[in-house]
Amino acid sequence: MKWKKLKREDSHEVLDKLKSRSDAVVFSKSSTEVLVCNLSFYEEFKLYKLTNYMTLPCFVMYYLSNGTDFYAMDGTASQIYKVNDLEFMNLNTDNIIQYVDFVFENAEGDDGDIFLIHQPENPNFMKSMSEAYRKNVIEHYHPIQIKEDEINRVFLVHGTLYYGHSLISATIQITKKGIITVKNQKLLLKGVHMPNEADQYSWISGEKL
Amino acid sequence: MENNKESLDSLNNALRPLSNFEKPSEQSNADMISEALKILEMSVEGQKLFNLVGAEDLSIKLIYTSEDTTYLPSKKELYVSLSNKNRKDIPILMILIASLLKDYEQEKSGKLLANSTDPVEKHIKIAVEKQADKLASLCAIAYELDELKLYPEYSFLDVLKNLGHNEAVDIFINNV
């Protein structure tokens with residue numbers, strides 16, 4: 001994600017708007033940094049990252065906002081779906097993976113984080129594994145494939161997911177309004193421990209079906 | 001390969017839109033905090049922290065983010081954040097509230113963080129001291145609650161470990 005730091009007066013404006021909400025979380029102007037990131041699948045809404053550096057540990061909150069309305073990311077996909085209902089969504093085969101990654105980064109399951117594996121060969125992804133396990137992961141990995149089903153008005157992304165310390169091959173169905181459902185799930189490998197920075201990989205290519 | 005159906009089902013559960021009924025309300029948050037405070041009060045060490053809530057007229061707010069954490073931005077605003085997977089977990093909430101109240105107690109007694117202009121060494125020294133003091137309290141609370149066996153199926157020390165404090169718990173147990 002490409003974050004841009006807001007100028008002091010712009011961050012104060014964001015904090016003032018947030019402060020006026022009844023459910024506002026307190027962020028002091030003097031110790032809070034506000035970053036913003038454009039999202040290719042939204043026209044108006046952007047992702048805001050607020051960090052208060054004067055607490056231990058630093059406290060971070062993410063909001064989706066069009067500059068007027070703010071939706072706090074709460075660890076579920078629901079807030080994203082709420083924004084999707086308000087926005088004109090620009091989902092296409094070029095940005096559908098970015099959207100899936102965005103939802104997975106912000107929605108956590110009962111068994112923890114969810115990742116779409118982009119590059120199993122990435123040494124950071126593999127570094128906590130034994131040689132035998134690395135071979136196993138590469139053998140079982142299904143590369144990302146994207147298809148737009150125009151009849152049913154959905155996108156289909158076939159690939160390999162990491163969830164609950166397991167690798168799962170699956171078809172991720174995304175409606176035009178961004179609702180995600182995971183289908184055809186097949187457990188490939190159990191007991192995989194993902195390093196913390198695994199979600200920071202960049203997706204470089206996706207083969208179309 | 002064996003199919004772990006429950007885990008796969010929970011994947012879609014995490015991605016479906018929540019109904020209004022499932023979304024936390026102010027009342028359900030207040031009930032969870034009240035329940036967690038009741039548990040905290042049952043330990044001698046926890047009771048000291050519990051008493052701060054009434055004595056200082058503190059308001060604890062429960063929010064939901066991607067992390068189980070606490071936030072003390074000012075003297076009267078205390079926040080506890082639960083991640084989605086732990087959004088109904090009272091023992092974790094209790095430990096986080098204890099941690100938050102300990103932060104409050106430290107600030108009240110003058111154990112403040114270093115100033116932004118202070119050297120890095122001072123920041124580290126103060127942060128380590130505050131954290132050690134806090135973890136000692138949390139371990140004592142968890143140990144006491146485990147000893148009371150009020151929740152035989154539950155180990156509060158394990159909850160602390162699950163929150164990443166394995167080393168502190170091991171040191172505490174070895175010194176009891």
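Me: Two strands pair if DSSP finds at least two bridges between them. What is the order of the five strands in the open sheet of chain A?

Reply: This is a predicted model, where local features need pLDDT of at least 70, side-chain atom pairs need 80 or more, and totals for chains, interfaces and linings use all residues. Residues count from 1 along each chain as written, with chains lettered from A and ligands numbered from 1 in written order. The order is E1-E2-E3-E4-E5 in chain A, with antiparallel pairing. Strand E1 (4-5) and strand E5 (70-72) of chain A are the edges, each pairing on one side only. Strands here are DSSP E runs of at least two residues; helices are H or I runs of at least four; both are numbered from the N terminus.

Me: How do you know that E3(A) and E4(A) pair, and how many bridges join them?

Reply: Seven bridges join strand E3 (residues 46-52) of chain A to E4(A). The rule asks for at least two, so they pair. The two run antiparallel. Tyr48(A) has Tyr63(A) as its bridge partner. Lys46(A) stands opposite Ser65(A). A hairpin of six residues links E3(A) to E4(A).

Me: How many bridges make E4(A) and E5(A) a pair?

Reply: Three, in the antiparallel sense. That also meets the minimum, so E4(A) and E5(A) count as paired. Leu64(A) stands opposite Tyr71(A) in E5(A). Four residues lie between these strands in their hairpin, and Gly67(A) there takes a positive phi near 95°.

Me: What angle does helix H1 of chain A make with E2(A)?

Reply: About 95°. Angles run from 0 to 180 degrees between N-to-C directions, with axes fitted to C-alpha atoms, for helices over the stretch in contact. The classes are roughly parallel under 35 degrees, roughly antiparallel over 145, roughly perpendicular from 65 to 115, and oblique for the rest. So H1(A) is roughly perpendicular to E2(A). Helix H1 (residues 8-19) of chain A lies across strand E2 (32-38), E3 and E5 of chain A. H2(A) packs on the sheet too, touching E4 and E5 of chain A, at about 155° to E5(A). That is over the limit, so H2(A) and E5(A) are roughly antiparallel.

Me: Why are H4(B) and H5(B) called oblique?

Reply: Helix H4 (residues 90-108) and helix H5 (residues 120-148) of chain B pack at about 135°, with axes 10 Å apart. That angle fits none of the other classes, so the helices are oblique to each other. Contact means C-beta atoms, placed from the backbone, within 7 Å. H4(B) contributes Ile95(B), Ala98(B), Ser99(B), Lys102(B) and Gln106(B). H5(B) contributes Lys130(B), Asp133(B), Lys134(B), Ser137(B), Leu138(B) and Ile141(B). The contact has four nonpolar, three polar and four charged residues.

Me: Why is H3(B) also oblique to H5(B)?

Reply: The axes of helix H3 (residues 44-55) of chain B and H5(B) cross at roughly 120° and come within 7 Å. That angle makes H3(B) oblique to H5(B). Val44(B), Glu45(B) and Gly46(B) meet Ser137(B), Ala140(B), Ile141(B) and Glu144(B) of H5(B).

Me: What is the order of the three strands in the open sheet of chain B?

Reply: E1-E3-E2, with mixed pairing. Strand E1 (59-64) and strand E2 (69-71) of chain B are the edges, each pairing on one side only. Neighbouring strands are turned by 25° against each other on average, direction ignored. Three bridges join E2(B) to strand E3 (residues 77-82) of chain B, and these run antiparallel. Thr70(B) has Val80(B) as its bridge partner. H4(B) packs on this sheet, touching E1, E2 and E3 of chain B, at about 150° to E3(B). So H4(B) and E3(B) are roughly antiparallel.

Me: How many residues does each chain give to the contact?

Reply: Chain A gives 36 and chain B gives 31. E4 (59-65), H2 (78-86), E9 (166-175) and E10 (180-190) of chain A each supply at least two residues of its side. E10(A) has the largest share, six residues.

Me: Which elements of chain B have the lowest and the highest mean pLDDT?

Reply: Helix H1 (residues 5-15) of chain B has the lowest, 76, and H3(B) the highest, 96. pLDDT is the predictor's confidence in each residue, from 0 to 100. Chain B averages 88, and 95% of its residues score at least 70. For the complex, the predictor gives an ipTM of 0.84 and a pTM of 0.86.

Notes: Two residues are in contact if their C-beta atoms, placed from the backbone, lie within 7 Å. Ala, Val, Leu, Ile, Met, Phe, Trp, Tyr, Cys and Pro count as nonpolar, Asp, Glu, Lys and Arg as charged, and the others, Gly among them, as polar.
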